[in-house]
Amino acid sequence: MRAWLRHHRQSLAGTAWRLTRTPGATALNVVAIAVALALPLGAWVLLANAQRLGGHTAGYPQLSVFLAPEASRADAARVEAALRQAPAARRVRFVSKDEALAALKRSEAMNEIAAALGANPLPDAFVVDLKPGDPAAVERLATELGALPKVALVQLDAAWVKRLDAALRLGAAMVAILASLLGVGMVAVTFNTIRLQILTQREEIELARLIGATAAYVRRPFVYQGALIGLASGLVALGLVAGSLRILNVEVGRLAASYGADFRLQLPPIGDLAAMLAFAAALGWAGAYLSVSRHLSRFAPH
Amino acid sequence: MPAISFNRVTRRYADGFEALRAASFGVEAGEFACLLGHSGAGKTTALKLIPAIERATSGVVLVNGQNVGALGPAAVPYLRRSLGLVFQDQKLLHDRNAFDNAALPLAVCGQPPREAARRVRAALDKVGLREREKSMPITLSGGEQQRLCIARAVVNRPSILLADEPTANLDAAAASDIMEIFRSFNQVGVTVLVATHDLALAERFATRVVRLDHGRVVELRVAGQSVAA
């Protein structure tokens, strides 16, 4: 066990050392793979930001129940009770007509109109966050709520949520396809890199096999090399995407500010980034494993 | 129990050529044996069957009682670690110095670096290359290169040492030196099997001579006396 661990340690250190001995070739390999990885990574980051921009509505469709202007507190309480009993309702929030007017005045785009109003024309309302589920059930609920006394209007925001959700799903599918294609490309590039390395070390591999090296012993430095190239490429790709976001955020910030919002493109959480790096390393490992298995059986004696 | 035993071993290649034909012979543990024959007699093939570099088409090859033909791919490396191999084409790594070349079998076995260094220096010392451990193979003479191959073969303390034409490209003095080195290992209990075409060397050093001709064992001599082939 100790010998096995020692060889793993030696293989990893030896491989890292060998990669640094050919910095030009290693850098070119890493950059080529990093650019390929940066495309799906960048698309993934933009998609994640689009989901964030969609905000809560992306996850939870909303229902707005506007009361008639003459509705009393008791009427509002009755409607609220009905809403709280509805199984599809996740969260019910009452927005009084005064709160609604105050929010309107805070909005840069609407504050002049709100200031010009003599009396508050806005109704009391309930905003209901719905549980994700059957759209037909949500529509039935909207119909039932619309039939309640003193309910003037029920506005279901499901349509735009559905469209946003569909667009995000489409984006996710495109990112998945792009990532798959470029992942295959990365495996192929690593396969070829390792093939050339194996041919360079052919004599040493043959000799090692003749004097008792197991296939795993021979394979180990090469799969470490593939994994290290994958990991380094992932890190460089991450740097490229982070740098791009920094540049884009200057303009994104200006655009968001013009809407009175504060929004910046962000990298995904550290856990997701770590998973991405592990995936890049795994792709490199897979390419190297395939390459060394194929070439080992060709010229190294059993 | 013989260290090496061939029982009616035939090695036939895909084109139908038979390098060994029903060859039977044995080498006792602790013996110094030679496979003697001209080029193409089957000496190299016989040596390759012992560490399972090649497999017999028929017959049984036993190494320390272990049937080599029955070993699976996972067991072969461990068989090879118990043998010391000196190859006809030497197989020295020319981008590594003498020390690193000799250390390779220990790296394969996962020896700790300190113990490996001690053993490598001991092996280089035994073959007279202790002062040349940092030399690259290209700077060594033919005899020194062959001695380095022997150091690499014995560094793992094998019970059996196999050498394929180790004196082929050496002058008489250097060839004799190499055989003396084999004899010194034999004297401490290592079974030695050397393939050679040099009758004089075989008769001078070996206690057992197996003469091959066109893949057949045509003569067995033990301690200078012919026995039934």
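1. Let's start with two helices in chain A. H1(A) and H10(A) cross in a right-handed way. Keep in mind that this is a predicted model. H1 covers residues 2–21 of chain A and H10 covers residues 215–258; they pack at an angle of about 50°, and their axes are 9 Å apart. That angle makes H1(A) oblique to H10(A). In general, the angle between the axes and the distance between the axes are what describe two packed helices.

2. Which residues of H1(A) meet H10(A)? On the H1(A) side, look for His7(A), His8(A), Ser11(A), Leu12(A), Gly14(A), Thr15(A), Ala16(A) and Leu19(A). Facing them in H10(A) are Tyr217(A), Arg220(A), Pro221(A), Tyr224(A), Gln225(A) and Leu228(A). Sorted by class, this contact has seven nonpolar, six polar and one charged residues.

3. Now zoom out to the whole of chain A. The chain is divided into domain 1 (2–56 + 164–296) and domain 2 (62–156). Notice that domain 1 is written as two stretches of chain A. How far apart do the C-alpha centres of the two domains of chain A lie? The answer is 49 Å.

4. Next, have a look at the sheet in chain A. Four strands form an open sheet in the order S2-S3-S1-S4 (chain A), and the pairing is antiparallel. S2 and S4 (151–156) of chain A are the edge strands, each pairing on one side only. On average, neighbouring strands here are turned by 15° against each other, ignoring direction. Helix H4 of chain A (residues 73–85) packs on this sheet and touches S1, S2, S3 and S4 of chain A; the helix direction makes about 165° with that of S2(A).

5. You can follow the pairing in chain A strand by strand. S1 (residues 62–67) and S3 (residues 125–130) of chain A run antiparallel and are joined by five bridges. Within that pair, Phe66(A) sits opposite Ala125(A), and Leu63(A) has Val128(A) as its bridge partner. S2 of chain A (residues 89–95) also pairs with S3(A) in the antiparallel sense, over six bridges. There, Arg91(A) is opposite Asp129(A).

6. Chain B has its own sheet. Here seven strands form an open sheet with mixed pairing, in the order S6-S7-S8-S3-S9-S10-S11 (chain B). Why do S6 (83–86) and S11 (225–227) of chain B each have one side without a neighbour in the sheet? They stand at the edges with a single partner strand each, so one side of each is left free of a sheet neighbour. Neighbouring strands of this sheet are turned by 20° against each other on average, direction ignored.

7. For a parallel pair, try S3 (residues 32–36) and S8 (residues 191–196) of chain B, which are joined by five bridges. Leu36(B) has Thr196(B) as its bridge partner in S8(B). Two helices lie across strands of chain B. H5 (residues 142–154) crosses S6 and S7 (160–164) of chain B, at about 165° to S6(B). H6 (residues 172–187) lies across S3, S7 and S8 of chain B, at about 155° to S8(B).

8. Finally, check where the chains touch. The contact takes 16 residues from chain A and 15 residues from chain B. On the chain B side, H2 (76–81) and H3 (98–109) each supply at least two residues, with the largest share, five residues, coming from H2(B). By class, that side of chain B has 11 nonpolar, one polar and three charged residues.

Definitions and conventions. Residues numbered from 1 in each chain as written. Chains lettered and ligands numbered in written order. Predicted model: local features only at pLDDT ≥ 70, side-chain atom pairs only at ≥ 80, totals over all residues. Contact = placed C-beta atoms within 7 Å. Nonpolar A, V, L, I, M, F, W, Y, C, P; charged D, E, K, R; others polar. Pairing = 2+ DSSP bridges. Axes fitted to C-alpha atoms, helices over the stretch in contact; angles between N-to-C directions. Domains from an automatic or database assignment. Parallel < 35°, antiparallel > 145°, perpendicular 65-115°, else oblique. Left-handed = near helix turned anticlockwise from the far one by under 90°.
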